[in-house]
Amino acid sequence: MLGCFPAPYPDELLYSLCARFHRRMQYPNMKDTMQELFGDEAAIAVVDLPSNLGSLVSALPPGSPYTIKRLINDFTLFPFFAPFLHPKQARELWADMEGARGPAIKMRSGIMASTIRPLEWLRFCPLCALHDEQEFGECYWHRLHQLPGVEICVDHNVGLLNSYVRIQNPQTRHEFVAAEQGIQLPKTRSLDVLQPHHKILLKIAQDAAWLLKQTISPPGLDVLLKRYHQLLAERELATSSGRVRINQLLNEFCHFYSNGFLQSMQCEIDVESQHSWLLRLIRSPKGSQHPLHHLLLIQFLEYSAESFFQLPNQFKPFGKGPWPCLNQAASHFHQPVIQTCEITYTQDHGKPVGTFHCSCGFIYCRTGPDKTQEDQFRITKIRAFGSVWEEKLKELWADSTVSLRGMARELGVDPTTVKLHAAALELPFPRQGERQTNRSNRELVSSSENREGLPAATLENYRMEWLSARRENLTSGRTKLKNQFQRVYTWLRRNDREWLEANLPPKKQTNSPCPRVDWERRDAELAEAVRLSATKLYKQGGRPNQVTIAAIARELGQLALIQKHLDKLPLTAKVLTDVVETRESFALRRINWVVHCYRQEGSYPQRWQLIRRAGLRPELITLQPIHEAIDSALELLHGAFTLKPNYEVLDQQD
């Protein structure tokens with residue numbers, strides 16, 4: 001029974017615990033240590049995924065805080081590999097580590113089949129080693145530092161160094177070597193990391209550190225695939241139904257990670273091959289892949305490991321139900337009463353289409369995915385209106401006080417739809433008591449017919465009142481009298497029109513000829529104004545707007561003149577031809593503006609981010625000048641924001 005197994009340090013490797021135990025007990029040879037720890041003197045000292053852990057736990061005294069679960073989750077690299085395995089595969093790997101099936105572990109975890117070679121040397125961070133010496137009186141092997149792909153210490157942001165302890169060494173595979181024996185701090189050493197990729201490496205290390213602290217139940221390779229497809233669809237690199245745009249993905253991925261970086265990480269991609277590790281990740285999974293492959297793809301999709309594993313297991317383009325009924329005629333309008341959503345995909349773009357059936361018979365569709373909370377109240381197409389809606393239409397149709405437009409507003413449709421459904425329901429045409437609002441259907445009633453039945457005194461009073469108004473306003477014209485005595489004018493027009501026409505002031509005659517336009521002078525003045533306006537528009541701050549004929553004309557307040565009479569303005573037409581902006585030149589100006597924005601913000605975008613922010617259409621990107629301008633912009637920004645950290649570590653004097 002082990003009586004003095006050491007207490008662990010933060011992020012310590014089980015290998016390190018065993019090495020400190022051997023150093024503390026001072027056994028004459030390592031076989032005694034192996035026999036004491038694992039009950040087998042031929043046991044192998046494994047760094048990443050050790051076995052025989054059940055024997056180790058049984059050798060500890062009763063009440064020991066070390067359990068199988070704690071040893072595997074807190075002191076081995078199992079949490080780094082497990083989330084990217086099939087659940088059954090992860091359970092079998094756990095059983096192998098608990099038992100004595102050491103040789104099966106490498107095969108089970110996928111390490112043997114991976115192109116990413118295991119580390120050759122145990123590694124350390126010199127600043128961590130100095131801190132451990134000061135804090136604990138000795139240094140130790142950190143779990144995080146032994147992960148493939150982790151090249152930077154997340155605590156000190158410096159590159160990791162190789163120790164003198166070889167991991168893959170047949171002569172020492174039965175030997176635990178303590179960090180105190182294998183680490184020699186450099187007296188003076190520049191701890192440079194790969195400069196252009198420092199930010200990427202730091203994110204990989206941070207993701208790996210987060211994984212080591214989790215006990216995630218493996219979601220399954222199928223779930224990971226669905227999440228990848230969901231995120232690729234958000235980047236328009238795949239359709240919502242899961243069809244990946246392979247060429248576009250490879251192009252953007254290889255712009256995000258340079259070929260040199262991928263080679264340094266042993267993750268290079270052959271773009272001509274259909275079996276690269278990247279394409280295997282986004283296809284139906286046939287086997288597990290190295291976690292580093294997953295972390296590279298997750299970072300490309302602009303997620304961290306933490307945010308990625310917090311995504312829902314099932315892609316729900318229309319959110320979680322119940323969904324609202326959008327039948328405006330129903331009493332439960334806008335209430336979440338629909339329990340099911342049928343999802344199909346468009347054949348042209350692969351976008352999800354949700355079909356929602358309500359118990360009132362109303363069926364509507366919406367093209368997704370929903371991006372805002374308000375989208376759930378949007379209708380793309382109505383499949384069926386249902387009995388409740390039709391009964392409401394019948395009720396409104398029979399009400400002569402409700403107009404056609406009023407019915408349309410209350411039913412949530414347009415007037416034409418009301419007419420079509422009224423015809424389909426064989427409702428009476430024309431409506432009973434319907435008001436005749438069409439002017440063509442009105443019967444003009446003559447003044448003589450109107451006068452019949454009117455009291456003579458009333459008619460005489462209105463005539464006298466109008467004549468009196470004319471005598472008192474002899475200089476007023478027709479319009480002024482109409483506005484000033486509107487009540488009298490309106491009554492007479494309705495009931496005594498012929499008399500009113502005979503007693504209106506005479507129409508004013510406007511015989512003065514229109515002044516002749518000096519088009520030559522106007523053309524010269526407008527041409528100069530156009531040139532100045534274009535210069536002003538080109539120099540405007542903020543997001544660029546295309547300098548077009550309409551934009552210049554609006555700036556000058558001469559839109560109608562330029563649109564209708566440009567044939568009379570030859571100088572202006574020539575200046576407009578010289579100063580207006582083509583789509584290609586406008587795209588180049590937007591690229592320059594985006595470069596200026598990123599330099600001010602101090603950030604380096606990916607290619608797709610620059611293209612999206614500049615608002616470049618796909619047909620423009622294929623043009624040679626635009627393509628070259630994008631490459632030049634990315635190269636300029638890359639050179640401007642490359643990090644160049646330089647750390648000096650001084651060894652303490654003994």
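**Exercise 1. Count the helices and strands in the chain, then state what share of its residues is buried.**

*Solution.* Start with the elements. This predicted model has 32 helices and 10 strands in its chain. Next, take burial. Buried means under 20% relative accessible area. Of the 654 residues in the chain, 43% are buried. Last, look at contacts with a separation of 6 or more. Residues 24 or more positions apart account for 66% of them.

**Exercise 2. Work out the strand order of the open sheet, and explain why strand 6 and strand 9 each have one side without a neighbour.**

*Solution.* Step one: read the order. The 4 strands run 6-7-8-9, and their pairing is antiparallel. Step two: find the edges. Strand 6 (341–345) and strand 9 (381–384) each have a single partner strand, so one side of each lacks a neighbour in the sheet. Step three: check the turn. On average, neighbouring strands are turned by 25° against each other, direction ignored. Step four: zoom in on one pair. Strand 8 (residues 363–367) is joined to strand 9 by 3 bridges. Tyrosine 364 has isoleucine 382 in strand 9 as its bridge partner.

**Exercise 3. Identify the residues that touch the most other members of the largest nonpolar core, and follow the contacts of phenylalanine 176.**

*Solution.* First, the core. It has 106 residues, and Tyr15, Phe176, Phe253 and Leu296 touch the most other members. Helix 10 (residues 198–212) gives the largest share, 10 residues. Now take phenylalanine 176. Set aside its neighbours within four places in sequence. Its contacts then include Tyr15, Cys18, Met30, Phe38 and Ala45. Finally, look beyond this core. A second, separate core has 25 residues, among them Cys341, Cys360, Phe385 and Trp397.

**Exercise 4. List the buried residues of helix 12 and name helices that cover them.**

*Solution.* Begin with the helix itself, residues 246–256. Its buried residues are Leu249, Leu250, Glu252, Phe253 and Phe256. An α-helix has 3.6 residues a turn, so residues three or four places apart point the same way. Then look at the cover. It includes helix 10, helix 11 (221–234), helix 13 (259–264) and helix 14 (277–281). Helix 15 (291–300) and helix 30 (607–614) also contribute to it.

**Exercise 5. Find the volume of the largest cavity and the residues closest to its centre.**

*Solution.* The structure holds 2 cavities of 30 Å³ or more. The largest has about 100 Å³ of space. Its lining has 13 residues, and Phe38, Ile44, Val46, Pro50 and Ser51 are the closest to its centre. Helix 1 (residues 14–25) supplies the largest share of this lining, 3 residues.

Conventions: Residues numbered from 1 in each chain as written. Predicted model: local features only at pLDDT ≥ 70, side-chain atom pairs only at ≥ 80, totals over all residues. Heavy atoms only, no water. Pairing = 2+ DSSP bridges. Helix = DSSP H or I, 4+ residues; strand = E, 2+ residues; numbered from the N terminus. Axes fitted to C-alpha atoms, helices over the stretch in contact; angles between N-to-C directions. Core = buried A, V, L, I, M, F, W, Y, C linked by side-chain atoms within 4.5 Å. Buried < 20%, exposed > 50% of the residue type's maximum accessible area, 1.4 Å probe, protein only. Contact = heavy atoms within 4.5 Å. 1 Å grid on protein atoms, 1.4 Å probe; cavity = no way out; pocket = protein on both sides within 12 Å on 5 of 7 lines; lining within 4 Å. Points joined across faces, edges and corners; volume = space filled by probe spheres on them.
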